[in-house]
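Please open the model in your viewer and keep the sequence panel beside it. This tour moves from one selection to the next and says what is found at each stop.

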Amino acid sequence: MGALLAVVLGFALRAARGSTTQRAATYTELLRIAQTGQAFSVEVNGDRFFVRQAGAETVTAVVDEPTLRQELVSRFAGAGASVDFASREEPSRAASAVIPLVVIAAVGFVLFSVNRRRSPKMFSDAKAGVARAPVRFADVAGMHEVKQELAETVEFLKNPQRFARLGGRPPRGVLLTGEPGTGKTLLARAVACEAGVRFLSASGSSFQEMFVGVGASRVRALFAEARKAAPCIVFIDEIDAVGRARAKGNGDSASAEHDQTLNQLLVEMDGFDHGNGIVVIASTNRADMLDPALLRPGRFDRKVTVPLPDVRGREEILNVHAGPIPLQGAVDLGTIARGTPGFSGADLANLLNEAAILAAREGAEAVDPTHIDRARDRVLMGLERKGVLVDEDERYATAVHEAGHVVVGLLAPNCDPVHKVSILPRGRALGVTQALPEKDRLMYRKEYLEDQICMLMGGRAAEMVILGTMTAGASDDIQRAATIAWKMVAELGMSDLGPICVGDGHPARSPALLDRVDETARALTDAQLARAVAIVKSRRSQIDALVKGLLEKETLGIDEIEACFPEDRRKRAAPQAA
Ligand code: ADP
Ligand code: ZN
C-alpha cells in the first residue's frame with residue numbers, strides 16, 4: 001500500500017498555462033490513457049508528466065510518488081509511446097509572464113505534433129504479447145457470448161489459408177458497438193493476442209483533417225503498414241469520426257475531406273486479399289450514424305454488440321481489477337456489483353483505482369467499504385454529468401415495460417420464443433427483450449404478424465396496467481407496430497379492405513382509400529394493445545416476480561424467465577410432447 005502514499009494529483013505544469021491544448025489531469029487519468037494506448041509521446045521532468053496524445057488534447061500531471069512514476073513510465077513505454085526524461089529548469093515567474101514566448105512555444109508544439117502525426121509511426125503498434133502485457137480472452141471479464149462470436153475471427157487469423165480451404169467465409173471487418181468503456185479495445189487486443197498476430201491501431205479522429213487528401217493518405221499509410229504486418233488486426237477506434245454518413249452534394253471543403261477519407265477506407269477494405277489475413281476491427285457507440293456503404297458485405301459485415309455488464313459481469317470485472325489492490329475483509333465485490341448498475345468496465349476499474357488512492361492518501365493499510373463508497377460517489381458524479389445514469393424509478397419502469405413484452409411473448413401462441421430479457425441500456429433503448437425467430441419467416445402469416453404487434457404493445461400495456469401511466473420508452477415499439485399494421489393492410493391484403501396495394505411506390509387510387517387504410521391499421525394496433533392489456537392483467541403476480549428478478553439480476557435467461565411462469569411453462573411444453 002506504500003506505493004500509493006502521498007500522491008498529489010491534478011497539478012498543471014505552470015509553463016503549460018499559455019496553451020489551450022493542455023489540461024491538468026489526475027494520476028488515474030494518465031493510467032487510463034496509458035491503457036488505451038493513445039499517448040504517443042511522454043515527457044517526464046522531475047515529478048511532472050507531460051503526455052501528448054494522438055488526436056486528442058495534451059495533459060499534464062504531477063506525480064510525486066516515485067513508485068507510481070515508475071509504474072506510469074513502464075505502462076506508457078509498454079503501450080508504445082516514446083518516453084523522454086528532461087531536466088528542464090523550473091520556468092521562472094518572469095518567463096511565464098512573457099506571453100508571446102508562450103504563444104510561440106504553443107505554436108511550435110502544434111507544428112511539432114502535426115509533424116509527428118504525419119509520420120507513419122502515428123499508429124501505435126504493439127506486437128501482441130511483446131510490447132505490452134498480453135490480453136487474453138480470459139482477461140476480458142464476462143462477455144461470454146461476445147467472445148464466442150469473436151472466436152471465429154481468431155481461428156481465421158491463426159491460419160487464413162486453411163480457414164479458406166475448409167470453406168469458412170473469411171471475416172474482413174468486425175464492428176464492435178457499445179458504450180464507451182465497455183471493453184471494445186480490450187477485446188480487439190485480446191483477439192490479436194489469442195491469434196498471435198500484430199495489432200495496429202488508430203483512432204478514427206486521427207483521420208480527421210482540415211486539408212483535403214490528408215486523411216485519405218493516412219488511411220493509405222495505415223493499410224500499407226497492415227499489408228506488411230499481415231496477418232494482423234487493424235483496429236480503428238471510434239470509427240464514427242471517419243465513417244459517418246457522407247453528406248450529399250454539400251460541397252464545402254470539410255465534407256470533401258471527410259468523403260475522400262471515407263472513400264479511401266472503403267477502397268482499402270475492398271482491396272485486400274483474403275489470403276493475407278488482415279481483419280479490420282472497428283468500434284463505435286453510434287452504429288446508426290455510419291455510412292451504409294461501410295456495412296455492406298465484404299466490409300464491416302459482422303456486427304457484435306458489446307453490452308454494459310450486468311451484475312454478474314460487473315462482479316467478474318471487479319474481480320479482475322481487484323487483483324493487485326489490498327482489500328479489507330469487509331469489502332464484498334458482489335455488494336459493489338449490485339450497487340453499480342449502469343457502470344461500464346472502465347467505470348468499475350476507475351472505482352477501484354479511486355478507492356485505492358483514497359486509502360493511500362489516508363495512510364490506510366487496505367481499502368475498506370468507506371473508501372469504496374466515496375470512490376463510487378465520485379465516479380457517479382462523473383456519470384451523472386454525462387447523463388448516462390439510470391435512476392431507481394427509471395429502472396423499475398424499464399423492468400415493468402420489459403416484463404410486459406416477455407409475458408406477451410410467452411403467451412401469444414405465434415410469437416418467436418423469448419430467450420433473454422435485460423433492463424441494461426443498450427444504445428438508445430432502455431431495455432431489450434430478445435426473441436429468436438424459430439424458422440425463416442419469409443412466409444409471414446397473419447397470426448404471426450398480429451402476435452408480433454401484440455408483443456410490441458406488451459411494454460406499453462404493462463405501463464398502463466402496473467404503473468398507471470405511459471413512458472416515452474415505448475416509442476420505438478409503437479413505431480414498429482404501426483409499420484407492421486400498415487403493411488398488413490396496405491400491402492399484404494390482410495384486412496377487411498381486401499387485397500389492395502397502396503404501399504410505397506404504388507400511388508393510392510383515392511385519398512379516401514388511404515384514409516380507410518389508416519383507420520384499419522389503427523384499429524388493428526388498438527385491438528392488439530387491448531389484447532396485450534388483457535394478458536398482462538391475467539398474469540400480475542408472475543409479472544411481479546419477473547420485475548423483481550430483473551431489478552436484482554438485470555439480465556434474465558430463458559430458464560429464469562420460465563421459472564416465473566411455472567403454470568404456463570407446463571402448458572407450452574404439452575403441445576410439443578403430443
Ligand atoms: P472501449 O474501447 O469500449 O471504450 P476499453 O476497452 O478501452 O473500452 O476499456 C477501458 C478499460 O476498462 C480497460 O482497459 C479495462 O481496464 C476496463 N474494462 C472494460 N471492460 C472490461 C472487462 N470486460 N474486463 C476487464 N476489464 C474491463
Ligand atoms: Zn419496448
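Does A534 count as buried, partly exposed or exposed? Select this residue, keeping in mind that you are looking at a predicted model, and you will find that A534 counts as partly exposed, because its relative accessibility is 46%, which falls between the limit of 20% for buried and that of 50% for exposed. A534 is part of helix α18, which runs over residues 511-538. If you now add V408 to the selection and ask for the C-alpha to C-alpha distance, the two residues turn out to be 9.8 Å apart in space, although 126 residues separate them in sequence.

**The whole chain**

Next, show the protein chain as a cartoon, in which 21 helices and 14 strands make up the secondary structure. The chain has 578 residues, of which 48% count as buried. Among the contacts between residues at least 6 apart in sequence, 73% join residues that are at least 24 apart, and the following stops include some pairs of residues that are separated along the chain.

**The zinc ion**

Select the zinc ion, which is ligand 2, together with its protein donors, namely H401 through NE2, H405 through NE2 and D477 through OD, which lie 2.0 to 2.1 Å from the ion. Along the chain these donors follow the spacing H-x3-H-x71-D. Two distant parts of the chain are linked here, since H401 belongs to helix α15 (residues 392-411) while D477 belongs to helix α17 (residues 475-490), and the two residues are 76 apart.

An unreviewed UniProt entry places the feature "binding site" at H401, H405 and D477. These positions are spread over 77 residues of sequence, yet they cluster in space, with a largest C-alpha distance of 10.8 Å.

Now take the donors one at a time. H405 is found in helix α15, and H405 counts as buried because its relative accessible area is 6%, which is under the 20% limit. D477 is also buried, because its relative accessibility is 9%, and H401 is buried as well. If you show the contacts of D477, leaving out residues up to four places away in sequence, you will see that D477 touches H401, H405, L456 and M457.

**Around ligand 1**

Move on to ligand 1 and display the 18 residues around it, of which G181, K184, T185, L186 and H321 come nearest. Which distance separates a polar side-chain atom of T185 from an oxygen atom of ligand 1? That distance is 2.5 Å. Two backbone contacts can be added to the view: a polar backbone atom of G183 is 3.1 Å from an oxygen atom of ligand 1, and a polar backbone atom of A346 is 3.3 Å from an oxygen atom of this ligand.

**A pair of rings**

For the last stop, look for aromatic pairs, of which the count comes to one. Select F199 and F235, whose ring centres are 5.8 Å apart and whose planes meet at 25°, so the pair is stacked, given that planes under 30 degrees apart count as stacked. Because F199 lies in strand β8 (residues 198-203) and F235 in strand β9 (residues 232-237), the pair ties together parts that are 36 residues apart in sequence. Both F199 and F235 are buried, so colouring them by accessibility puts them in the class under 20%.

Conventions. Residues are numbered from 1 along each chain as its sequence is written. Chains are lettered from A and ligands numbered from 1 in the order in which they are written. This is a predicted model: local features need pLDDT of at least 70, side-chain atom pairs count only at pLDDT 80 or more; totals for chains, interfaces and linings use all residues. Side-chain values use heavy atoms; hydrogens and water are left out. Donors are N, O and S atoms within 2.8 Å of the metal (3.2 Å for Na, K and Ca); water is not among the atoms, so sites may look incomplete. Helices (H or I, at least four residues) and strands (E, at least two) are DSSP runs, numbered from the N terminus. Buried means under 20% relative accessible area, exposed over 50%, partly exposed in between (1.4 Å probe, protein chains only). UniProt positions are given in the numbering used here, feature names are shortened, and annotations may be inferred rather than shown by experiment. Contact means heavy atoms within 4.5 Å. Rings of Phe, Tyr and Trp (its six-membered ring) pair if their centres lie within 6.5 Å; planes under 30 degrees apart count as stacked, over 60 as edge-to-face and the rest as tilted. A residue is near a molecule or strand if one of its heavy atoms lies within 4 Å of it. A polar contact is a pair of N or O atoms within 3.5 Å; within protein, one must be able to donate a hydrogen and the other to accept it, and residues adjacent in sequence count only if both atoms are side-chain atoms.
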